[in-house]
Amino acid sequence: MVSKAIANNVAASNVMAETVSDAEIVAQFKQRGCWGLYTSVDLKGCDPASIRDAEKIHRFIIELCDLIDMKRFGEPQIIHFGPCERVAGFSMTQLIETSLVSGHFANETNAAYLDIFSCKEYEPSKAAEFCRDFFGAESATYQVLFRD
């Protein structure tokens, strides 16, 4: 598992030094013949307006899929709900031909929890940095798993 923390516009060097590059992740993914590549991205301190805007979330899905070269299958689902204020916010899913992109946006804490799973390789840190920048997050952490 690879885990990295990214501060807004500055990499957390003590964490980055202990991890592997996107090129190494993709190479290992191919070498091992993994079933899938999974990246979970946690964003903290997001721009409140951006995570409360269904149109912006829709644009995010399209741009992320384009960035990581994933073909979207159908239209994304973006729904605002939550049984209580602690978890209320938008949730989204986008089927891709090679699996799924999903996410949950927490209004109360201005956080976002995003997941990218694909049996086709992509660059996890590039995707995580895009997520952080798109939602104006103060920080991002992400973890990468190989699914065998």
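Start by selecting Thr39, which counts as buried because its relative accessibility is 0% (buried means under 20% relative accessible area, exposed over 50%, partly exposed in between, with a 1.4 Å probe and protein chains only). You are looking at a predicted model, in which local features need pLDDT of at least 70, side-chain atom pairs count only at pLDDT 80 or more, and totals for chains, interfaces and linings use all residues. Residues are numbered from 1 along each chain as its sequence is written, and side-chain values use heavy atoms, with hydrogens and water left out.

**Around Thr39**

Show the ribbon and you will find Thr39 in strand 3, residues 36-44. Helices (H or I, at least four residues) and strands (E, at least two) are DSSP runs, numbered from the N terminus. Now add the side chain of Tyr122: it makes a polar contact of 2.8 Å with the side chain of Thr39. Such a contact is a pair of N or O atoms within 3.5 Å; within protein, one must be able to donate a hydrogen and the other to accept it, and residues adjacent in sequence count only if both atoms are side-chain atoms.

Which residues is Thr39 in contact with, leaving aside its neighbours within four places in sequence? Select Leu114, Asp115, Ile116, Tyr122, Pro124, Tyr142, Gln143 and Val144; contact here means heavy atoms within 4.5 Å.

**Along helix 2**

Next, go to helix 2, residues 22-32, and color its buried residues Asp22, Ile25, Val26 and Phe29. Viewed down the axis of helix 2, these buried residues fall within an arc of 95 degrees, so they line one face of the helix; the arc is that of the directions from the helix axis to the C-beta atoms. Turn to the face pointing away from that buried side, and you meet the exposed residues Ala23 and Gln31. Just after helix 2, stop at Gly33, which takes a positive phi of about 65 degrees.

**Strands 5 and 6**

Now select strand 5 (89-96) and strand 6 (99-106), each of which supplies at least two residues of the lining of the largest pocket. By class, that lining has 7 nonpolar, 4 polar and 1 charged residues. Ala, Val, Leu, Ile, Met, Phe, Trp, Tyr, Cys and Pro count as nonpolar, Asp, Glu, Lys and Arg as charged, and the others, Gly among them, as polar.

**Zooming out**

Finish with the whole chain, which has 5 helices and 8 strands. Of its 148 residues, 43% count as buried.
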